[in-house]
Amino acid sequence: MISLTHYLVLAAVLFSIGLFGVITKRNAIAILMGIELMLNAVNINLVAFSRFIEPSDVVGQVFAVFIIVVAAAEVAVGLAIIIALARARQTIDAEELHLLKW
Amino acid sequence: MVIDLNLLLPEIFTGLLGVGLLVLFFLWRGEGVVRAIGYLAAVGLAVAAVLAYGTVALDTSTLQGTWLADPLAGYFKVVFLLSGVMVALLSLSYLERLGESLAEFFILLVFLTLSMMVVISAGDLITLYLALEFQVITFAIMIGYRRREGAATEAALKYILLNAFSSAILLFGLSLLFGLSGTVDISGIAAAVSAGSPQPALYLAVIFVLAGLAFKVSLVPFHMWTPDVYQGAPTPITGFLAAGSKAAGFALLIRLFLTIFAPVSTVWTTVFVVLSVLTIILGNFVAVPQTNMKRLLAYASVGSAGYMIMGLIAADVTGVEGVLFYAFMNVLAILGAFGVAVVFANATGRDDIEAYAGLSKRSPLLALVMLLSTLSIAGIPGLAGFVAKFVIFWAIIDKGLVALALLGVVMSIVAVFYFLRIAKVMYVFEPKEETPIRVAPAARIVLVASMVLTLVLGIYPAPLLDLAREVALAVLR
């Protein structure tokens, strides 16, 4: 039997992997993918809580759907900015983005 | 279910204003359309500010609790709309220089203001998250507005990556809150959390929410994105980030920490003390060697967050009153300073402090506004910034944190030092060229209004303080 704890541990591991990716990756697209992993961890959390704590209410599932939609919008704008940057600077490597530094 | 649409009046008006301007822009593409839409946006936002002021006295909710119309929401809506008006007027002269200007800048600005208003009125976590992301995405587009310029696009990328990252962290904390209470309603969560003894998961939620919001208000060590983004963004938008976005973050901190997390206040006040100390020390000391005006103001703005968070550390009526007053005076002072930077860069195309040499001879108004705004941020008596810092220091001394208040005073002296350096450049140094700088009428209104209000609130702060106190009493009731 899979319990709530299993889901929460899975979400925590997924969140940590995403966090690790955001911090260590240098490619802007890879950083966006790390953020997506973190958001999916939150979705697992919400759906699991909703299923185990408040099974009659689907508010957790609704929240997860909203997060998926907003994440898609965010990635769209993020990728648009990355394309504009690639055109202007010929790089999307985070280490080389140091035009702004003191 | 009865929906009282009167409670949403400022938001409905602002939303219709944005859509209306968009339609107008599609239908009428002639000469002067940008200018007309800019003025219409400013006037419309001013009207919305009057409507929002009418909701300050309310204390109710609608749409089954997803929409709050309380004094805290009303007060901050006025702050956001006021900064929206000032930014719209400043953008008018900024877009002139840009040449290929489009009216969508103002339309996005209207929606940006709307997103902040929804953030503070959100009564449940879903609305809160949607409004926060609405704000992040719109800001990212505005920051990268000059998409052919490398620095602006780089700033936009840094902004969206770090804010999406911080939203994910915040969201993880919110999902834990949902798990603890089984509801997404903020008042429902607060009731569920305060019912029993605090569970370990609540502490975890505090840490995640705190880290997520600390990114948004740029507390050290979560401030790395701030100077880069502030420097790369279009200057009016930088001003909006420092005035409006920061106020929205603090509004949210007040909303969440003084209600949901009140039972575990001993934990988060300790964390906030550490963050506050780091923020005021780093923000003020790193500002000293800066040579770029926007970057210097960015670090000064980081320092301001360190002072504002002290009001939350006190977590009482005086402390919240101080934060509210600070948020208002910060709009005036920081937009005054960035306003001068906008006008100056328009005329000369430069942002470095060296270029400001002899500004008092080229434009006495610009030099005076810059002097008073920066000294207000530093907290010189007689200006609004002093009153804000005084109230906050009073609150934390009352809580026995005398050392923190002393550190705050010492760091204010550091701030006076680097701001007086700018004053010296403007007033003592000889100008390299003598040509006077023309100030456009729209920008002149903003600069004079911010200067006059800073002076008036410095000498006679009682009306705004009374209002802030009433709002603070309602928050902590």
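**Exercise 1. Decide whether A:Glu36 is buried, partly exposed or exposed in this predicted model, and describe its surroundings.**

Solution. The relative accessible area of A:Glu36 is 25%. Since buried means under 20% and exposed means over 50%, with partly exposed in between, A:Glu36 counts as partly exposed. The next step is to place the residue, and A:Glu36 turns out to belong to helix H2 of chain A, which covers residues 28–53. When residues up to four places away in sequence are not counted, A:Glu36 touches A:Ala71 and A:Val75. A further distance can be read from the backbone, where the C-alpha atom of A:Glu36 is separated by 9.4 Å from that of A:Phe15, a residue 21 positions away along the chain.

**Exercise 2. Determine whether A:Asn43 is buried or exposed, and name its contacts beyond four places in sequence.**

Solution. A:Asn43 also sits in helix H2 of chain A. Its relative accessible area is 8%, and because the limit for a buried residue is under 20%, A:Asn43 is buried. Once neighbours within four places in sequence are left aside, the residues in contact with A:Asn43 are A:Ala64, A:Ile67 and A:Ile68.

**Exercise 3. Work out how the fold of chain A is built and whether the chain is compact or spread out.**

Solution. Begin with the secondary structure, which in chain A consists of three helices and zero strands, giving the pattern α-α-α along the sequence. For 102 residues the globule rule gives 13 Å, whereas the radius of gyration of chain A is 17 Å, well over that value, so chain A is more spread out than a compact globule. The C-alpha atoms, taken along the principal axes, fill a box of roughly 50 × 25 × 25 Å. Of the 102 residues in chain A, 40% are buried, and among contacts with a separation of 6 or more, 55% come from residues 24 or more positions apart. The accessible surface amounts to about 5,600 Å², and 68% of this belongs to carbon and sulfur atoms. As a last step, consider the charges: chain A carries 6 positive and 7 negative side chains, and the centres of these two sets are 10 Å apart.

**Exercise 4. Apply the same kind of reading to chain B, asking whether its radius of gyration agrees with that of a compact globule.**

Solution. Chain B contains 19 helices and two strands. A compact globule of 477 residues would have a radius of gyration near 23 Å, and the 21 Å of chain B agrees with this. The C-alpha trace spans about 70 × 55 × 40 Å along its principal axes. In chain B, 66% of the 477 residues count as buried, while 80% of the contacts with a separation of 6 or more are between residues 24 or more positions apart. Chain B exposes about 15,600 Å², of which carbon and sulfur atoms supply 69%. There are 25 positive and 25 negative charges in chain B, and their mean positions lie 7 Å apart.

**Exercise 5. Find where B:Thr14 lies, and establish whether it is buried or exposed.**

Solution. B:Thr14 is part of helix H1 of chain B, residues 9–27. With a relative accessible area of 0%, B:Thr14 is buried. Leaving aside neighbours within four places in sequence, its contacts are B:Leu45, B:Ala48, B:Leu81, B:Val110, B:Leu114 and B:Met117.

**Exercise 6. Examine the backbone at B:Leu63, B:Gln64 and B:Pro221, and say which loops hold these residues.**

Solution. B:Leu63 is not a glycine, yet its phi is positive, at about 55 degrees. This residue lies in the loop between strand E1 (60–62) and strand E2 (67–69) of chain B, and its relative accessibility of 26% makes it partly exposed. B:Gln64 lies in the loop between E1 and E2 as well, and its phi, near 55 degrees, is likewise a positive value in a residue other than glycine. At 67% relative accessibility, however, B:Gln64 counts as exposed. Turning to B:Pro221, a cis peptide bond joins B:Val220 to this proline, with omega at about 5 degrees. B:Pro221 is located in the loop between helix H8 (200–216) and helix H9 (225–232) of chain B.

**Exercise 7. State which confidence values accompany the model and chain B.**

Solution. The model scores ipTM 0.94 and pTM 0.94. Chain B has an average pLDDT of 92, and 99% of its residues score at least 70.

Terms used. Residues numbered from 1 in each chain as written. Chains lettered and ligands numbered in written order. Heavy atoms only, no water. Helix = DSSP H or I, 4+ residues; strand = E, 2+ residues; numbered from the N terminus. Rg over C-alpha atoms; globule rule 2.2 N^0.38 Å. Buried < 20%, exposed > 50% of the residue type's maximum accessible area, 1.4 Å probe, protein only. Contact = heavy atoms within 4.5 Å. Areas by Shrake-Rupley, 256 points an atom, 1.4 Å probe, with all protein chains shown as cover. Lys, Arg positive; Asp, Glu negative; His and termini not counted. Charge placed at Lys NZ, Arg CZ, Asp CG, Glu CD. pLDDT = per-residue confidence, 0-100.
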